[in-house]
Amino acid sequence: MLNPIQISAKSLGQLALANFCPKCFWVRLHCHDKFPFAIFPGIFSSIDSYSKKVTAAHFATHGRVPRWFDGFGEIGVPIKVPHWSKFNVVDKSTNITLTGMPDELLQRRDNSLFIGDYKCARYTDRADELLPMYSVQLNVYAYIAKQTAVGTASGLGLLYYEPAAALPASDTDDLIKPEGFLMRFTAKVLPIPLNVKAIPPLLARVREIHDLTCAPAGREGCKDCALLEALVAVAAQGVQQAELLQRNGGR
Ligand code: SF4
């Protein structure tokens, strides 16, 4: 029986990045998909949570999602997103539990699903370099939705909410209030192709990397690893000197 592995949709997506590093990924897998010293600024979770409330509030008031969703065509009505503890699948051939929690699930008239994910980031014409990761992330949601009988996805999409960079003088009174200030976000939507067939080979690759008895080589030319190696060499030198001192009775 293979050792169980649990991995999130987003972490699986890292395998698709152009600068993917098998060494980093091996370490991450052996830290149970979390780096001990990683800090994720809470503000992004707050903005994601607020974005969901914006969609829900608009639907409650107007009976439809906001107009910027129209870029995806007809996408239906928001439905409850299951908690990740229910929205997961175990891949039997690799014994990997794949988890996720989409930001938005919408049910179309034909009962198929549209799955959306919010990104508080700028999307320029120059493609977002994280796009391959986001594409896997959304396809994992489609894969889990199908296998957990939540529904069959017929569309996927990213919603980039870009914070305003400029503060026109004419908006001063609208945005700056006695109790605080408002910040505008502009929505840009990007449909993502459905490709759930890409998921099983990625799971096989996770199993392959996980089961290596030691970390594979890192990404060639990575400055961070070069710094770490230099640090390890300095530390080793320090240990040698301390041992020498001890042998010489501290003289
Ligand atoms: S090569 Fe870079 S990315 Fe890979 S493990 Fe080393 S520091 Fe991390």
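This is a chat about a predicted model, covering its domains, ligand shell, nonpolar cores and cysteines.

Trainee: What does the domain assignment give for this protein?
Mentor: It gives domain 1 (5–220) and domain 2 (223–251).

Trainee: How far apart do the C-alpha centres of domain 1 and domain 2 lie?
Mentor: Those centres are 44 Å apart.

Trainee: On to the ligand. Which residues surround the ligand?
Mentor: Cys 21, Lys 23, Cys 24, Gly 218, Arg 219, Cys 222, Asp 224 and Cys 225.

Trainee: Which elements give two or more residues to that shell?
Mentor: Helix H2 (22–30) and helix H7 (223–247) do.

Trainee: And how do the shell residues divide, nonpolar, polar and charged?
Mentor: Four are nonpolar, one is polar and three are charged.

Trainee: Switching to packing. Which residues touch the most other members in the largest nonpolar core?
Mentor: Leu 12, Leu 98, Ile 115 and Val 206. That core has 41 residues.

Trainee: Which helix gives the most to this core?
Mentor: Helix H4, residues 131–147. Its share is 11 residues.

Trainee: Take Leu 98. What is Leu 98 in contact with, leaving aside neighbours within four places in sequence?
Mentor: Its contacts include Ile 7, Leu 12, Phe 87 and Val 89. Val 140, Tyr 143 and Ile 144 are also among them. So are Asn 88, Ile 199 and Leu 203.

Trainee: What lies apart from the largest core?
Mentor: Another core, of nine residues. Phe 69, Phe 72, Leu 159 and Tyr 161 are among them.

Trainee: Back to helix H4. I was looking at Gln 137, which is found there. Is Gln 137 buried or exposed?
Mentor: Gln 137 is buried, because its relative accessible area is 5% and the cut-off for buried is under 20%.

Trainee: What does Gln 137 touch, not counting residues up to four places away in sequence?
Mentor: Ala 9, Lys 10, Asp 117 and Lys 119.

Trainee: Now the cysteines. How many disulfides does the count come to?
Mentor: Zero.

Trainee: Which cysteine sulfur is nearest to that of Cys 31?
Mentor: That of Cys 24, 10 Å away. Cys 31 is in no disulfide.

Trainee: Is Cys 31 buried, exposed or partly exposed?
Mentor: Partly exposed, with a relative accessible area of 27%.

Trainee: Why is the sulfur of Cys 214 without a bond to the closest cysteine sulfur?
Mentor: Because the closest one, in Cys 225, is 13 Å away, too far for a bond. The disulfide cut-off is within 2.5 Å.

Methods. Residues numbered from 1 in each chain as written. Predicted model: local features only at pLDDT ≥ 70, side-chain atom pairs only at ≥ 80, totals over all residues. Heavy atoms only, no water. Domains from an automatic or database assignment. Near = heavy atom within 4 Å. Helix = DSSP H or I, 4+ residues; strand = E, 2+ residues; numbered from the N terminus. Nonpolar A, V, L, I, M, F, W, Y, C, P; charged D, E, K, R; others polar. Core = buried A, V, L, I, M, F, W, Y, C linked by side-chain atoms within 4.5 Å. Buried < 20%, exposed > 50% of the residue type's maximum accessible area, 1.4 Å probe, protein only. Contact = heavy atoms within 4.5 Å.
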